[in-house]
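Please open your viewer and keep the selection panel within reach. We will move from one stop to the next, with a word on what to pick and what is there.

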Amino acid sequence: MKIFATYNIKGGVGKTSTAVNLAYLAARDGYRVLLWDLDPQAAASFLFRVRPRVKGGGKALIRGTRSVDDAIKGTDFDGLDLLPADFTYRNLDLMLDSARKPARRLASLLAPLQAEYDVIVLDCPPSISLLSESVLHAADVLLVPLIPTTLSVRTLEQLTDFIGGFDGRAPKVLAFFSMIDRRKRLHTQIAQDLPAQRPDFATTAIPALSVIEQMSVQRAPVAEFSPRSQAALRYAELWREARERAGLGAPAGS
């Protein structure tokens, strides 16, 4: 089982659209996939038409009074399940603070699912918090979408410096440009310069396209309702890079 997390300190950079599309593509490839919507805004749950509610809320999951397995819901897509958001997730930092080994809590919650899933995708809220630290310790690959601006590049440097201070296990970072508009000189310049300077950068960039915004109308991944679009093709390329970065083998039975 490999755990992927879409994460950035900044909001509005394409984390949820990346998580939804990559989870869908992994399931389409034949992997058994779980997407956990950790954001109390519940965008991923909305897109998969699942009610954003967990009985007992986040407290029940963190304390173990409700198993993660019991809270999982099916989606409209074969091989793809969802652990929905809940508005109580806004307090997950407080809940984790009272748990034993809080930075390792998400990893311990997900470990029993190893027999059921090949891929777990965590859609994370934007923050620097105990929750984000727990996500970083749980993930095998951290997918970091960046809009090509100077401040976005700075957040990547902050993130990699933080991960570099971990003792022992740390996630592999796969940063990539999201919502890139090559008509903008700054976007083009940063997109040209930064990947050449960093080995943790994907070759794939996700363009700023209206078809991605249509996800909230269609309530489906781009590759489902517009499979030949440039956005769908780029997400497929990004999934291949993420899979290779994780060292994920072929799905069982392939």
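Begin by selecting Ala175 together with Phe201: Ala175 stands opposite Phe201, which belongs to S8. Bear in mind throughout that this is a predicted model.

**Stop 1: from S7 to S8**

Now widen the selection to the two strands. S7 and S8 run parallel and are joined by three bridges. To get from S7 to S8 the chain passes through H9, and this β-α-β crossover is right-handed. Colour S8 by accessibility and you will find it mostly covered, with six of its seven residues buried. S7 is mostly covered as well, with seven of its nine residues buried.

**Stop 2: back to S6**

Keep Ala175 selected and add Val144: Ala175 in S7 is the bridge partner of Val144. Show S6 and S7 in full, and you have a parallel pairing over six bridges. Add H8 to the view, since S6, H8 and S7 make a right-handed β-α-β unit.

**Stop 3: along and around H8**

Select residues 150-164, which are helix H8. How far apart should the ends of its 15 residues be at 1.5 Å a residue? The expected span is 21 Å, and the end C-alpha atoms are 21 Å apart, so the two agree.

Next, show the side chains of Ser152, Val153, Thr155, Leu156, Leu159, Thr160 and Ile163, the buried residues of H8. Turn the view to look down the axis of H8: these buried residues fall within an arc of 155 degrees, so they line one face of the helix. Which residues are exposed on the other side of H8? Pick Thr150, Leu151, Asp161 and Gly164 to see them.

To see what the buried residues of H8 pack against, display helix H7 (130-138) and helix H9 (185-197). Then add three strands to complete that set of partners: S6 (141-146), S7 (172-180) and S8 (201-207).

**Stop 4: the whole sheet**

Hide the helices and select the strands. Eight strands form an open sheet, and you can read across it in the order S3-S4-S2-S5-S1-S6-S7-S8. The pairing in this sheet is mixed. Which are the edge strands? They are strand S3 (73-74) and S8, each of which pairs on one side only.

While you are here, zoom in on strand S2 (residues 33-37) and strand S4 (residues 80-83), which run parallel and are joined by four bridges. Click on Leu34, then look for its bridge partner in S4, which is Asp81. As background for this view, strands of a sheet pair through backbone hydrogen bonds, either parallel or antiparallel.

**Stop 5: a loop residue**

Select Gln214, in the loop between helix H10 (210-213) and helix H11 (215-218). Its relative accessibility is 35%, so Gln214 counts as partly exposed. Use the distance tool from Gln214 to Phe225: these residues are 11 apart along the chain, and their C-alpha atoms are separated by 9.4 Å.

**Stop 6: helix H13**

Now go to Glu244, which you will find in helix H13 (residues 230-246). Is Glu244 buried or exposed? With 62% relative accessibility, Glu244 counts as exposed. Draw a line from Glu244 to Ser127, 117 residues away along the chain, and the separation of the C-alpha atoms is 27 Å.

Then check the length of H13 as you did for H8. At 1.5 Å a residue its 17 residues should span 24 Å, and the end C-alpha atoms are 24 Å apart, which agrees. The buried residues in H13 include Tyr235, Leu238 and Trp239. Arg234 and Glu241 are also among the buried residues of H13. Just after H13, pick Gly247, whose phi is positive, near 70 degrees.

**Last stop: zoom out**

Bring everything back into view. The protein chain holds 13 helices and eight strands. Its radius of gyration is 17 Å, close to the 18 Å that the globule rule gives for 254 residues, so the chain is as compact as a globular protein of that length. Turn on the bounding axes if your viewer has them: along its principal axes the C-alpha trace spans about 50 × 40 × 35 Å. Of the 254 residues, 55% are buried. For a contact map, take contacts between residues at least 6 apart in sequence: 79% of these join residues at least 24 apart.

Notes: Residues numbered from 1 in each chain as written. Predicted model: local features only at pLDDT ≥ 70, side-chain atom pairs only at ≥ 80, totals over all residues. Heavy atoms only, no water. Expected span 1.5 Å × (residues − 1). Buried < 20%, exposed > 50% of the residue type's maximum accessible area, 1.4 Å probe, protein only. Arc of directions from axis to C-beta. Contact = heavy atoms within 4.5 Å. Pairing = 2+ DSSP bridges. Right-handed = clockwise from strand over helix to strand, strands pointing away. Rg over C-alpha atoms; globule rule 2.2 N^0.38 Å.
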